[in-house]
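Dear colleague,

Please find the structure below, handed over for your records. A summary of what was found in it follows.

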Amino acid sequence: MPALRDDELPLDRAVRVEVGDLQLFLYRTSERIFALDNRCTHMGGPLHRGVVRAHVAQPTVTCPLHGSTFWLADGRVVRGPATRPQSVYEARINEGMIEVCPMQELGGKGGVA
Ligand code: FES
């Protein structure tokens, strides 16, 4: 499903996008686009306002409310209090639009852009 125009997602800055009922966290590095549910699984904190560490072996985002930290690539919890992983989405660019779909529909492989 289309989420955002490609030229509206800057490099190295988190953006929140609403797609239907979803609130997505999008983050672009020079290598790929990460797409996660923007609402923290702990208590719904806005991940796009959190701290992103993108230029490390396993990029992470830390929730601004209570500090839960998730891997951007697969949403797993690396530090609580959250206990459930974030939903992650495959992101690709198609005809100038960033499109996302749930990762499990594509067999759980990592996303590229
Ligand atoms: S809402 Fe994100 S850590 Fe609590």
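Please note that this is a predicted model. Among the backbone features, Pro81 may be the place to begin: this residue lies in the loop between β8 (residues 77-79) and β9 (residues 88-94). The peptide bond that leads from Gly80 into Pro81 is cis, with omega near 20°.

Two residues other than glycine have a positive phi. In Asp12 the angle is near 60°, and in Glu95 it is about 50°. Asp12 belongs to the loop between β1 (2-5) and β2 (15-19), whereas Glu95 is found in the loop between β9 and β10 (97-102). As to their surroundings, Asp12 has 11 other C-beta atoms within 10 Å and is therefore exposed, the limit for that class being 12 or fewer. Glu95 has 7 other C-beta atoms within 10 Å, so this residue is likewise classed as exposed.

Turning to the strands, the model contains an open sheet of four, in the order β5-β6-β7-β8, with antiparallel pairing. At its edges are β5 (51-53) and β8, each of which pairs on one side only. On average, neighbouring strands of this sheet are turned by 25° against each other, direction ignored. In general, the strands of a sheet pair through backbone hydrogen bonds, in either a parallel or an antiparallel manner. Here, the antiparallel pairing of β5 with β6 (residues 60-62) runs over three bridges. Within β6, Thr60 is the residue that stands opposite Arg53.

The interior deserves a separate paragraph. The largest nonpolar core has 25 residues, and those that touch the most other members are Leu26, Ala35, Leu36, Tyr89 and Ile98. At least two residues of this core come from each of β1, β3 (22-28), β4 (33-37), β9 and β10.

Which residues is Ile98 in contact with, leaving aside its neighbours within four places in sequence? They are Ala3, Leu4, Asp6, Leu9, Leu26, Ile33, Ala91 and Ile93. One of these contacts, Leu26, is also among the core residues that touch the most other members.

In short, the points to look at in the model are the cis peptide bond from Gly80 to Pro81, the positive phi values of Asp12 and Glu95, the open sheet of four strands, and the nonpolar core of 25 residues.

With kind regards

Note on methods. Residues are numbered from 1 along each chain as its sequence is written. This is a predicted model: local features need pLDDT of at least 70, side-chain atom pairs count only at pLDDT 80 or more; totals for chains, interfaces and linings use all residues. A residue is buried if 20 or more other C-beta atoms lie within 10 Å of its own, exposed if 12 or fewer, and partly exposed in between; C-beta atoms are placed from the backbone. Two strands pair if DSSP finds at least two bridges between them. Axes are lines fitted to C-alpha atoms, for helices over the stretch in contact, and angles run from 0 to 180 degrees between N-to-C directions. A nonpolar core is a set of buried Ala, Val, Leu, Ile, Met, Phe, Trp, Tyr and Cys residues joined through C-beta atoms within 7 Å. Two residues are in contact if their C-beta atoms, placed from the backbone, lie within 7 Å.
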